Amino acid sequence: MENMQYGEELVREFLVFRGFTATLQCFDAELGTDIGKGFQVDRMLNLIFSVYIPKFQPDKLLSLLNFFKRYITSTAESAYLATLLKLELSILRCYVVHALQSGKTEKVVEFFGMKGNDMLHTNPDWTCWFAIPYLKNPNLDPQFRIYFSREWYDALQLSVRNFFCVVFNGSRLPAILKISSEKNTVHRLKKDIKQLNLKLSQLQALLEEKEAHLIQQKSESALVPAVKKDQIGDVPTINAESLLRGMCEEGIPFCKDDQGAVASSAPLLDESESRQHYNYNAPQKFISFMSSDSICSSSYAHPGEERQGSPYTENGETALEELPEVKVDFQETFLGHTSPISRCRFSASGDNIASASVDGTVRIWTYDPSTPSSRNATIYCGTEITALDWDCKSDRLLLIGTADGRIKAWNVDAKRVVCDLSTSKQFSRVLDVKCSPVEPIFVSAAASKGQVTNSIQTLGFASLTVWNMKTWKAMSVLPLGEDPPAITSLCFNHNGKILAASAIDGMIHMFDMAAGLQITGWPAHDSAISSILFGPDETSIFSLGIDGKIFEWSLQNPGQVLWSRNCSRFCKPTSASCRHEMALDANGKRLLVTSDLVRAPIYQVQGDMNGLRTLPHSAAITTVDWHPTLPIFLTGSADNSVRVTSIL
């Protein structure tokens, strides 16, 4: 939004500078109508189905559809044009049907008279529709009956919503909106150049000083008289026999035969000296230790790197080293933590980042030097951090779940904990927290302690609690049945009406948040599920098992697998505190997964590409996240670092 306002101010400034006052007036008038509605899906649906169609405004409806046709044609996503044309046909038919249901037959005749020729020229299927205003009961006609049904209307709304979700998430920003980002980039580059020039000046001064010192030494050496070679150049001859005799006097043993054989041999001098100062076998032991250590270093300094060298595929899956490396625009590394990273998350706008380490510390920071750092903070929770989530509607609140059953709400503006909640004593470990994208509520998944072990599958029973973020009190508990297995991951759909939850028994549960009831569920994995995500158009859902298997499940046909990958080579079962995660980019086309190796895979969900691999950390990658709008991702590692990587 900040970039949008900045771009609008630039346009106003240009129009005033050129004296285009009439254009400026039109610009301000169109801003008031905002035909694109900021590319917000719900506002667009409301405009089409609650304003233009019910109020019989076909001109504005066609103008809006033509606007999106031009927009899609001007972007790289021109493949969506065919889908938009089909949706346009259905939307206009919806307008005709609504007019007939409202008894406004004259509106249909007027609409066909105004746009009939163009519509017939574009699509011959309109021919039979020209007779519909003159039918007595068109809703009973077999040719038109389906268009008068509620099911067809609901399906049309869902299709339009899904289409706009895909288009808006993958939309290319206009060049003028990139000016602000490019200005920040130029500012950062100028700062880097200034620092490099300063360093260059220092190095040049040091070089000149060294050269002056060297010239001075040469001039001084020229004044020193020549010395005879036998005085300073020759090494004095050492009598080996007297040296050996001295060694005997000091008690160092040697063989007499060896003495007679090598008494006049110069190499014996070095060997005798080494015997005098070291145990003879010590050098051999030291070399053996170094060789062994070198082998260990090559095997374990970068876990899995040696395995990556083996050119094989498992179950038809491409090995990680065979994937091309990402092409990086820039990369920043945050080194503010002193222990391995357990969670890292972008805020709703992507301006701020929250990262947690296993020592119970949460850091809030920004990677962009142009972003104000007034919100930067360090939060000490004193226990293991098991969950992080930002308020979806703003960057103001951060929720922190801990292993001792606490949920803290941190206000980034006030820089303090505004609420410290506690789950019940029975469920004393928070596994995940997730904020609703629409309502001021969040859901927490907690579990009883279970067995004391590192396996995620040995957690106790589950509890799902819905909390009010205004009163900070529990509202309800979602039903899971008697003694349910622990819930490991939560995910809301776009409007917060559906909540997906994954469990350690491999089940996926779907809840209707309005009714507070479970609506469906199916067994997705043979082992515990570590992470779950809704797909980009929300007609599918992704699940990652602790066995390293990834599935994309159809929500229209629950239990049907649409896409899968096996990343068990570099995604092995881990403890509950460091369970593996996955994250989808803003377009929903790239899936980033954590890894036990120093690199992580980025799978191409759609298309023929197998995927990419990230730049390496120096240890395993324990947590991942994507920027909400840009091709920028986060990777947290067991080497205590968090990296922000922008890819081309």
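Which residue in β12 does Ser-444 stand opposite? Keep that in mind as you look around; we will reach it partway through the tour.

**Start with the whole model**

Show everything as a cartoon first. You are looking at a predicted model, and its protein contains 14 helices and 28 strands. Of the 648 residues, 43% are buried. If you switch on a surface, its accessible area comes to about 34700 Å², with 54% of that belonging to carbon and sulfur atoms. Now think about how the chain meets itself: among contacts between residues at least 6 apart in sequence, 50% join residues at least 24 apart.

**Colour by confidence**

Next, colour by pLDDT. The mean for the protein is 79, and 77% of the residues reach 70 or more. For the two extremes among the elements, select helix α13 (residues 282-300), which has the lowest mean pLDDT at 32, and then strand β27 (residues 632-637), which has the highest at 96. Now select residues 226-316. Here pLDDT stays under 50, and the model has 49 contacts beyond four places in sequence for this stretch. Where pLDDT is low, the predicted coordinates should not be read in detail.

**Zoom in on β3**

Select residues 353-357, which form strand β3. Five of its five residues are buried, so the strand is largely enclosed by the rest of the structure. Turn on the side chains. In a regular strand the side chains alternate between the two faces of the sheet. In β3, Ile-353, Ser-355 and Ser-357 point one way, while Ala-354 and Ala-356 point the other way, and all are buried.

**Step out to the partners of β3**

Add strand β2 (residues 341-346). It pairs with β3 in the antiparallel sense over five bridges, and Arg-345 has Ala-354 in β3 as its bridge partner. Six residues lie between the two strands of this hairpin, and Gly-350 there takes a positive phi near 85 degrees.

Then add strand β4 (residues 361-365). Four bridges join this strand to β3, and the two run antiparallel. Which residue in β4 is the bridge partner of Ala-354? Select Ile-364 to see that partner. The hairpin of β3 and β4 has three residues between the strands, and here Gly-360 takes a positive phi near 85 degrees.

**Visit the four-stranded sheet**

Now move along the chain to an open sheet of four strands, in the order β10-β11-β12-β13, with antiparallel pairing. At the edges stand β10 (429-435) and β13 (473-478); each has a single partner strand, so one side of each is left without a neighbour in the sheet. Rotate the view to follow the twist, which averages 25 degrees from one strand to the next.

Between those edges, select strand β11 (residues 441-447) and strand β12 (residues 462-468), which pair in the antiparallel sense over seven bridges. Here is the reply to the opening question: Ser-444 stands opposite Thr-465 in β12.

**Finish with the cysteines**

How many disulfides does the structure hold? The count is zero. Select Cys-491 and you can see that it is in no disulfide: the nearest cysteine sulfur, that of Cys-392, is 9.7 Å away. Is Cys-491 buried or exposed? Its relative accessibility is 10%, so Cys-491 counts as buried. For your last selection, pick Cys-567, which also counts as buried, at 0% relative accessibility.

Notes. Residues numbered from 1 in each chain as written. Predicted model: local features only at pLDDT ≥ 70, side-chain atom pairs only at ≥ 80, totals over all residues. Heavy atoms only, no water. Disulfide = S-S within 2.5 Å. Buried < 20%, exposed > 50% of the residue type's maximum accessible area, 1.4 Å probe, protein only. Pairing = 2+ DSSP bridges. Axes fitted to C-alpha atoms, helices over the stretch in contact; angles between N-to-C directions. Contact = heavy atoms within 4.5 Å. Areas by Shrake-Rupley, 256 points an atom, 1.4 Å probe, with all protein chains shown as cover. pLDDT = per-residue confidence, 0-100.
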